[in-house]
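The following exercises concern overall form, cysteines and local packing. Please work through each task before reading its solution.

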Amino acid sequence: MSKYIYKWPYPGALDTPAWTRSGLTEYLERAMPEPADEVAKDSRWPAFFSQPICVVTTVSGEKIYLEREVGPCIVNRFPYVMTLSLCRSALSDRHSPRAQFMRAMEESRVANVQFLTLGPALDRCMAAINDVPEGRAEERMAATGLGYRPALSNAAPVFNDAFMVYEARLCEPMKDLYGHQIYQKPYTDIGSHRLYYLEVNCIQLRKDIADGQSQIQWTSLAEWASPADVSIAKPADRSMMERMAYVKPFTPYYQFPTANTISFEYEGASNGMAFKHLESFTRTNVNEIDNDKTRWPCFFPSSLGLITSRSADGQPNVMPCGSTTIVSRSPFVISPAVTYGGINDRYRARHTLHNIRETGWFGCGLPTVSDEIITAIRYAGNISVTEDPNKLEHTGLIFEDGEHAPILKACPVHFDCKVVDEVKLGTHSMFLGEVRRILVRKGVTAENAISWNPWPVVWGEDGARTA
């Protein structure tokens, strides 16, 4: 398991002249954006943010293309849309254009996002992607030595070893629930990357998982040992949440399926996989769907950012956003997807949306596993600032005012983001926030690193990890 764990900072990451002492004494600070020559020398992310990893296949004629994707993200519920961000500019040896894969996906308009269990099959897949360069990307599938079969809804293949597959098509132009025209193009160019919007058409899940004989386990927050001598929280006020009729649960240690998760309602099984085709989005009857039915139809690994903001009159706010992802390397762009529609208690318009639109800024804090953070996420995810004007204070988290957005002391990394665009997606708006400053707590070191497993893990009934 240890070889799949990512740790940050790597030795020397915070020792460069780019990092300076901040006016906030507990932090190192880095001004952004970086000069192009700095990125060319080292295009690793300037600071850590937790992101899942998957593999993606597409086709062009008879040719099959395989690529790795960092940060696949579900960003909209109706239609059910995920994003993939692919490099389109030559930044460095690490970040070079994925021209073949992008061209093939734009021609066929399909892509299959897949997750493989930790072990030899995943290792072979990743080795093929790393060893076979751009320009010969159509050779990668054969280089894996792994078996594959046709997908159920499109021409791109899926690995026999995948335990979960999301089959998707590039989004077509349509109107959202409120008559806004959306997806005029199936992608947005953001700096060094192209961000694709894909509507999910079919989901495959290994049948033993769908039937509850095995279980996916996913830790949605990174792990870090906060220094014991730093006060990050005070007692939280939970009284308002205790009076609510509907409370969204949260645990960083997510398990699927369980009694507390919605089951995968599959329509059939083939090749050891349960499957469900998803109807194309229509604007009718969505507002009549109840809270349970608006949950995601199946598990998908997602990252969570704590999005902080201030209203035009200075009122601070925080919102946990499970659809937060990195969409560009240069400039470094973070993108949370925030509900703009009012469907039901689970999906209602958020005050954060108005704050970001009014001020043009948001903060993104990296949450890590701790009792204080988990308590705060549960409160902030259920209570609106319109119901509790002191919402941020009542989460129990201690915060600094910050120049543009509150800074949560419990988060080891904080990003100040200036909005450069807003993209309506159907029920959610995606804010493209260019990072202008990064703050890292001084307790974050190579010896006390942030730790993250970007891969979901599958476990059997006997508690053993399954192949």
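Four exercises with solutions follow, all on a predicted model.

**Exercise 1. Determine whether the protein is as compact as a globular protein of its length.**

Solution. Begin with the secondary structure: the protein has 9 helices and 30 strands. The radius of gyration is 21 Å, close to the 23 Å that the globule rule gives for 467 residues, so the protein is as compact as a globular protein of that length. Next, consider the extent of the C-alpha trace, which spans about 55 × 55 × 50 Å along its principal axes. Buried residues account for 58% of the 467 residues. Finally, of the contacts between residues at least 6 apart in sequence, 74% join residues at least 24 apart.

**Exercise 2. Establish how many disulfides the model contains, and examine Cys87 and Cys364 in this respect.**

Solution. A disulfide is a covalent bond between the sulfur atoms of two cysteines. The criterion applied here is a pair of cysteine sulfur atoms within 2.5 Å. For Cys87, the closest cysteine sulfur belongs to Cys54 and lies 16 Å away, too far for a bond. For Cys364, the closest is that of Cys417, at 6.1 Å, which is also too far for a bond. The count for the protein is 0 disulfides. As to accessibility, Cys87 counts as buried because its relative accessibility is 5%, and Cys364 counts as buried at 0%.

**Exercise 3. Identify the buried residues of helix H2 and the strands against which they pack.**

Solution. Helix H2 covers residues 99–108, and its buried residues are Gln100, Phe101, Met102, Ala104 and Met105. The buried residues of H2 pack against strands S4 (53–60), S5 (63–70), S7 (81–87), S8 (110–116), S11 (162–170) and S15 (193–206). Just after H2, the backbone shows a positive phi of about 65° at Arg109.

**Exercise 4. Describe the surroundings of Phe415 and state whether Phe415 is buried or exposed.**

Solution. First, locate the residue: Phe415 lies in strand S27, residues 413–424. Its relative accessibility is 0%, so Phe415 counts as buried. Then list its contacts, leaving out residues up to four places away in sequence: Phe415 touches Ala47, Phe48, Phe49, Phe332, Ile334, Phe362, Gly363, Cys364, Val435, Arg437 and Ile438. One of these, Cys364, was treated in Exercise 2, where it counted as buried at 0% relative accessibility. Another is Arg437; it is 22 residues from Phe415 along the chain, and the two C-alpha atoms are separated by 5.9 Å.

Notes
Residues numbered from 1 in each chain as written. Predicted model: local features only at pLDDT ≥ 70, side-chain atom pairs only at ≥ 80, totals over all residues. Heavy atoms only, no water. Helix = DSSP H or I, 4+ residues; strand = E, 2+ residues; numbered from the N terminus. Rg over C-alpha atoms; globule rule 2.2 N^0.38 Å. Buried < 20%, exposed > 50% of the residue type's maximum accessible area, 1.4 Å probe, protein only. Contact = heavy atoms within 4.5 Å.
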